Amino acid sequence: MSGDNGRQPLLEGRNVSKFFGGLAALSQVDFAVYPNEVMGLIGPNGSGKTTLFDCLSRVQKISEGQVIFKGVDITDKKPYQVAHMGLSRTFQVIRVYRKMTVLENMLLSRQYGGQGLLKLFRPAPEETEGRARELIKFLLLDSVIHEKAGNLSGGQKRLLEIGMALMPDPDLILLDEATSGVNPTLVETIKDRIRELNTTYKKTFLLIEHNIHFIADLCSRVFVLNYGQKLAEGTPQEIMDNEAVIEAYFGAEGG
Ligand SMILES: Nc1ncnc2c1ncn2[C@@H]1O[C@H](COP(=O)(O)OP(=O)(O)OP(=O)(O)O)[C@@H](O)[C@H]1O
Ligand SMILES: [Mg+2]
């Protein structure tokens, strides 16, 4: 795809479609995420954002089209294979082990080797625990490191989930509504940590968000889905001024 000074995309979707029975949740979506950018993915409820993440992380089969990550066609790869290649994600509905502590959750992060229950019985290597502790500190969760995840606030759970996604040291992180259910102070913390991960640690992000201020503060580009189709793409300002986007979110004037 063109449009970014000829740079190769880190992740690229070509004509991606996803059908659930007769419903086209995604229709021929083309997009690209470039190395070291923070890109926003927005759209009204049910527009296909989470479905796109499911297709990219290979949790869902892609019906038609192709997904390329680091120049490799990952259309038919398994979730653990793309995770190994450096693509991590979080989920709209928080997935943490509520009865386990923050540290235990980090060590059990499903992307760190092993399959299913087996990994529960294998002690984490020392360097894995060291990395988990460093990330917990980085995410300002050290005061709750031994707290059960079920007792954390919404924002702390989101931070923990981001930490779990970071455990395998991915290059690209997909965050599905990282600020939903989060109090304003922790929204700022999450924003600040994403910015630091992007600028200092060169991580690339694709963020699904309903909080437009969050998008405007963090993202260089925004991609808009509506009814499973690409509606617009541009800078946050261009998107906020885009008539078609305003129409999709708020409906026709007087309608
Ligand atoms: N597993 C599934 N089976 C059938 N239909 C599905 C499935 N997952 C999603 N859909 C449908 O696909 C469409 C897109 O849903 P999706 O969850 O991707 O939207 P979204 O943009 O993430 O919405 P929201 O902002 O509410 O999270 C919706 O019509 C939804 O009902
Ligand atoms: Mg969603």
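## Thr50 and the magnesium ion

Let's start with one residue in this predicted model: Thr50 is partly exposed, with a relative accessible area of 24%. That figure falls between the 20% limit for buried and the 50% limit for exposed, which is why the "partly" label applies.

What are the protein donors of the magnesium ion, ligand 2? They are Thr50, through its OG1 atom, and Gln92, through OE1, and they lie 2.0 to 2.1 Å from the ion. Thr50 sits in helix α1 (residues 49-56), while Gln92 belongs to the loop between β6 (87-89) and α3 (102-108), so the pair ties together parts of the chain that are 42 residues apart in sequence. Gln92 also counts as partly exposed, at 35% relative accessibility.

## Around ligand 1

Now for the other ligand. There are 15 residues around ligand 1, and the ones that come nearest are Gly46, Lys49, Thr50, Thr51 and Gln92. You've already met two of these names: Thr50 and Gln92 are the magnesium donors.

Some of the side chains here pair up with oxygen atoms of ligand 1. For Lys49, a polar side-chain atom is 2.7 Å from such an oxygen. For Thr50, the distance from a polar side-chain atom to a ligand oxygen is 2.9 Å. In Thr51, a side-chain N or O atom lies 2.6 Å from an oxygen of the ligand. On its own, ligand 1 would expose 630 Å², and the protein buries 62% of that.

## Who makes up the shell?

Which elements give two or more residues to the shell around ligand 1? They are strand β2 (23-33) and helix α1. Helix α1 provides the largest share, with three residues.

You can also sort the shell by class: nine of its residues are polar, four are nonpolar and two are charged.

## The sheet that β2 belongs to

Strand β2 has a second role to look at. It is part of an open sheet of four strands, in the order β2-β1-β4-β5, with antiparallel pairing. At the edges are β2 and β5 (72-73), each of which pairs on one side only. Strands in a sheet pair through backbone hydrogen bonds, either parallel or antiparallel.

How many bridges join β1 (residues 11-20) to β2? There are seven, and these two strands run antiparallel. To find one such pairing yourself, look for Leu11: its bridge partner in β2 is Val33.

Technical notes. Residues are numbered from 1 along each chain as its sequence is written. Chains are lettered from A and ligands numbered from 1 in the order in which they are written. This is a predicted model: local features need pLDDT of at least 70, side-chain atom pairs count only at pLDDT 80 or more; totals for chains, interfaces and linings use all residues. Side-chain values use heavy atoms; hydrogens and water are left out. Donors are N, O and S atoms within 2.8 Å of the metal (3.2 Å for Na, K and Ca); water is not among the atoms, so sites may look incomplete. Buried means under 20% relative accessible area, exposed over 50%, partly exposed in between (1.4 Å probe, protein chains only). A residue is near a molecule or strand if one of its heavy atoms lies within 4 Å of it. A polar contact is a pair of N or O atoms within 3.5 Å; within protein, one must be able to donate a hydrogen and the other to accept it, and residues adjacent in sequence count only if both atoms are side-chain atoms. Accessible areas come from the Shrake-Rupley method with a 1.4 Å probe; for residues, only the protein chains shown count as cover. Ala, Val, Leu, Ile, Met, Phe, Trp, Tyr, Cys and Pro count as nonpolar, Asp, Glu, Lys and Arg as charged, and the others, Gly among them, as polar. Two strands pair if DSSP finds at least two bridges between them.
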